[in-house]
Amino acid sequence: MTLNIKMLRAVVAGVAGLAAAMAVAVGGGPPGVAAGTCQRSVAIDPQVTVSEAGRGLTFVVYTGGCAAAGEVSYVVTDGTAKRQLDFMLDNGRLTWAAGDTTARRITATIIGDNLIEGPFEDFRVALVFPSRDVRVASGPGQGRIFDDDVQSRLATVDSRTCLVTRKGDKPVCALPPGVLAPMDAGVKTFEPGHIIQVPLVLNEANATTQSAHLDTADGTLLGGVDYEPVHTTVHIPAGALVVFVEVKLLPNAFTHTSGHYFHVYVSGYTAGSVIAGSGQVTIVY
């Protein structure tokens, strides 16, 4: 009897070990998600600024983790920008079929006017009410309408988020729908998934080429360890309202827990002034 009990315990232990190994194989989700679960992670652009002349403002909703079928709603809240007066965007719901790894877009229509309303009017979009197999990694987004009726030419910078997912066995940033090409020919293009494209935004286009400076600074992510520092002059082509500047993330950036970040700053805009010239790049899971 003693031998049989020992054999039974050995069998039970073996089955438990096999189950644990299978759970690890099936899992692989973000920190805090139980092994063996399959959850899609989603995150919205934290900040999107467009000139009032641009007529459209688009948030990207990134997706990563397990490509489970699921849904998430988004709700729109007025700030200083008011629906039907300054922009048009209804609440809605985003859906993914199983296996779909593409990002989604939420686009507001901007209503232009000839009023001087201050440099920015803003509104909020938040991801809420995810279905069971969807997890919101970063839910709030701020839309900023950059007034083109003020008497000054202005430049600003938007914050950005890297939603960590996997490409094969490597962690990478989830990609937007189509990889943007940098407008500044002096900026090197790195492997997709290891770059963050930081938008430098103008309230009004210029008739001639202008420039501004963009610099990174350490937060909880460190230059040379977690990302390649950038200290560059950005060339802004005539007629452009936005230029994307690339910052490369290094492998160590993906070893941190969610919420680590570094700063980006814009200065020295040759056609006018900089307003709200600081942003943040944040890693989320």
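Visitor: Is Thr77 buried, exposed or partly exposed?
Guide: This is a predicted model: local features need pLDDT of at least 70, side-chain atom pairs count only at pLDDT 80 or more, and totals for chains, interfaces and linings use all residues. Residues are numbered from 1 along each chain as its sequence is written, and side-chain values use heavy atoms, with hydrogens and water left out. Buried means under 20% relative accessible area, exposed means over 50%, and partly exposed lies in between (1.4 Å probe, protein chains only). Thr77 has a relative accessible area of 44%, so Thr77 is partly exposed.

Visitor: Which strand holds Thr77?
Guide: Strands are DSSP runs of E with at least two residues, helices are runs of H or I with at least four, and both are numbered from the N terminus. Residues 70-78 form one such strand, and Thr77 is in it. The strand is β4.

Visitor: Which residues does Thr77 touch, leaving aside neighbours within four places in sequence?
Guide: Contact means heavy atoms within 4.5 Å. With neighbours within four places set aside, the contacts of Thr77 are Arg83, Phe123 and Arg124.

Visitor: How many aromatic pairs are there?
Guide: Rings of Phe, Tyr and Trp (its six-membered ring) pair if their centres lie within 6.5 Å. Planes under 30 degrees apart count as stacked, over 60 as edge-to-face, and the rest as tilted. By this rule, the number of aromatic pairs is four.

Visitor: What kind of aromatic pair do Phe59 and Phe123 form?
Guide: Their rings lie 6.3 Å apart, centre to centre. The planes stand at 80 degrees, and the pair is edge-to-face.

Visitor: How many residues apart in sequence are the parts tied together by Phe59 and Phe123?
Guide: Phe59 is buried at 0% relative accessibility. Phe123 is buried too, at 0%. Phe59 lies in β3 (residues 56-65) and Phe123 in β8 (residues 120-128), so the pair ties together parts separated in sequence by 64 residues.

Visitor: Which residues do ring pairs link into a cluster with Phe59 and Phe123?
Guide: Ring pairs build a cluster that includes Phe59 and Phe123. The cluster also contains Phe87.

Visitor: Is the pair of Phe120 and Phe146 stacked or edge-to-face?
Guide: Phe146 is buried, with a relative accessible area of 0%. The rings of Phe120 and Phe146 are 4.7 Å apart, centre to centre. Their planes differ by 20 degrees, and the pair is stacked.

Visitor: Which residue lies over the face of Phe120?
Guide: A charge sits over a ring if NZ of Lys or CZ of Arg is within 6 Å of the ring centre and within 35 degrees of the ring normal. Here the distance to the ring centre is 4.4 Å, and the residue over Phe120 is Arg144.

Visitor: How many disulfides does the structure hold?
Guide: A disulfide is a pair of cysteine sulfur atoms within 2.5 Å. Cys162 and Cys173 are joined this way, S to S 2.1 Å. Cys38 and Cys66 also form one, with sulfur atoms 1.6 Å apart. The number of disulfides is two.

Visitor: Why does the pair of Cys38 and Cys66 tie together parts apart in sequence, and by how many residues?
Guide: Cys38 is partly exposed at 30% relative accessibility, and Cys66 is partly exposed at 28%. Cys38 lies in the loop between α1 (2-26) and β1 (40-44), and Cys66 in the loop between β3 and β4, so the parts tied together are apart in sequence by 28 residues.

Visitor: Is the disulfide of Cys162 and Cys173 left-handed or right-handed?
Guide: Cys162 is buried at 1% relative accessible area, and Cys173 is buried at 5%. The torsion about their S-S bond is about -105 degrees, so the disulfide is left-handed.

Visitor: What is the order of strands in the open sheet of six strands?
Guide: Two strands pair if DSSP finds at least two bridges between them. The pairing in this open sheet is mixed. The order is β13-β12-β20-β18-β15-β16.

Visitor: Which are the edge strands of this sheet?
Guide: An edge strand here pairs on one side only. The edge strands are β13 (170-173) and β16 (231-236).

Visitor: Which residue stands opposite Gln210?
Guide: Strand β15 (residues 210-218) pairs with β16 in the antiparallel sense, over six bridges. Opposite Gln210, in β16, stands Ile236.

Visitor: Is Thr161 buried or exposed?
Guide: Thr161 lies in β12 (residues 160-167). Not counting residues up to four places away in sequence, Thr161 touches Pro46, Ile196, Thr282 and Val284. The relative accessible area of Thr161 is 11%, so Thr161 is buried.
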